[in-house]
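I opened this entry to record what I looked up in the structure. My notes follow in the order in which I made them.

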Amino acid sequence: MLSITNQSPSFGNKYAYQDIMALMSGTHVTGREESVDHTAVKILKKALRKNPNKRYLDNIKAREILEKTHKEWIPLAKRFRAALSKISFNHFSITREDAAMVAEQEAKKFGNEFVEIG
């Protein structure tokens, strides 16, 4: 089972599948906020801005980078978003447990808990 912690399991160019899918799908995954932010920082190669509106723009920029470099993941991100939306269209209301369940199921479909960005 994928664990949800506040630390990113990223190392080198490998990142948690659920963090990449959260960025690419523009979704909120409860319990993964710090890890997703850490992944965005690594992709952008700069710190995220503190202002919530500017931070949102930073996440969009990270998504754009991922979409350009890994177009093949776009359908996976749509599937990830749809899986979260089956629980609730308000992704902020999804519990840690349900978010972990979705992340685990989607990672299994992908075949790995981590993705490599090259």
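**Entry 1: Gly111.** I began at Gly111, which I located in the loop between α5 and β2 (114-116). The model is predicted, and I read each value below as computed from it. I asked whether Gly111 is buried or exposed. Gly111 is exposed, as its relative accessible area is 61%, and the cut-off for that class is over 50%. I then looked up the backbone and noted that Gly111, just after α5, takes a positive phi of about 105°. I also checked Gly111 against Tyr17, which lies 94 residues away along the chain. Their C-alpha atoms are separated by 9.9 Å.

**Entry 2: the helix before Gly111.** I turned next to α5, which covers residues 96-110 and so has 15 residues by count. From its first C-alpha to its last, α5 reaches 21 Å, close to the 21 Å expected at 1.5 Å a residue. Which residues of α5 are buried? I listed Ala99, Ala100, Val102, Ala103, Glu104, Glu106 and Ala107. Two glutamates, Glu104 and Glu106, are thus included in the buried set. I recalled that an α-helix has 3.6 residues a turn, so residues three or four places apart point the same way. I then looked for the packing partners and found that the buried residues of α5 pack against α1 and α4 (74-87).

**Entry 3: the chain as a whole.** I stepped back to the full chain, in which I recorded five helices and two strands. Along the sequence they follow the pattern β-α-α-α-α-α-β. The chain has 118 residues, and 44% of them count as buried. I looked up how far apart in sequence the contacting residues lie. Among contacts with a separation of 6 or more, 65% are between residues 24 or more positions apart. The chain exposes about 6,800 Å², and carbon and sulfur atoms supply 53% of that area.

**Entry 4: helix α3.** I looked up α3 (52-69) and noted its 18 residues. The helix α3 reaches 26 Å from its first C-alpha to its last, close to the 26 Å expected at 1.5 Å a residue. Its buried residues are Asp58, Ile60, Ala62 and Leu66. I found α1 and α2 among the elements that cover these buried residues.

**Entry 5: the largest pocket.** I asked how much space lies in the largest pocket. I recorded about 490 Å³. Its lining comprises 18 residues, and those nearest its centre are Gly26, Thr27, His28, Tyr56 and Asn59. The elements that give two or more residues to this lining are α1 (17-25), α2 (33-44) and α3. Which element gives the most? I found that α3 does, with six residues. By class, the lining has eight nonpolar, five polar and five charged residues.

**Entry 6: the second largest pocket.** I closed with the second largest pocket, which holds about 180 Å³ of space. I listed its lining as Asn13, Tyr15, Lys42, Ile43, Lys45, Ile65, Thr69, Ile117 and Gly118. The elements that give two or more residues to this lining are α2 and α3. I sorted the lining by class into four nonpolar, three polar and two charged residues.

Methods
Residues are numbered from 1 along each chain as its sequence is written. This is a predicted model: local features need pLDDT of at least 70, side-chain atom pairs count only at pLDDT 80 or more; totals for chains, interfaces and linings use all residues. Side-chain values use heavy atoms; hydrogens and water are left out. On a 1 Å grid over the protein atoms alone, a cavity is a set of points where a 1.4 Å probe fits but cannot get out, and a pocket is an open set with protein on both sides within 12 Å along at least five of seven lines; lining residues have an atom within 4 Å of a point. Grid points are joined across faces, edges and corners, and a volume is the space filled by probe spheres set on the points. Helices (H or I, at least four residues) and strands (E, at least two) are DSSP runs, numbered from the N terminus. Ala, Val, Leu, Ile, Met, Phe, Trp, Tyr, Cys and Pro count as nonpolar, Asp, Glu, Lys and Arg as charged, and the others, Gly among them, as polar. Buried means under 20% relative accessible area, exposed over 50%, partly exposed in between (1.4 Å probe, protein chains only). Contact means heavy atoms within 4.5 Å. Accessible areas come from the Shrake-Rupley method with a 1.4 Å probe; for residues, only the protein chains shown count as cover. The expected span of a helix is 1.5 Å times one less than its number of residues.
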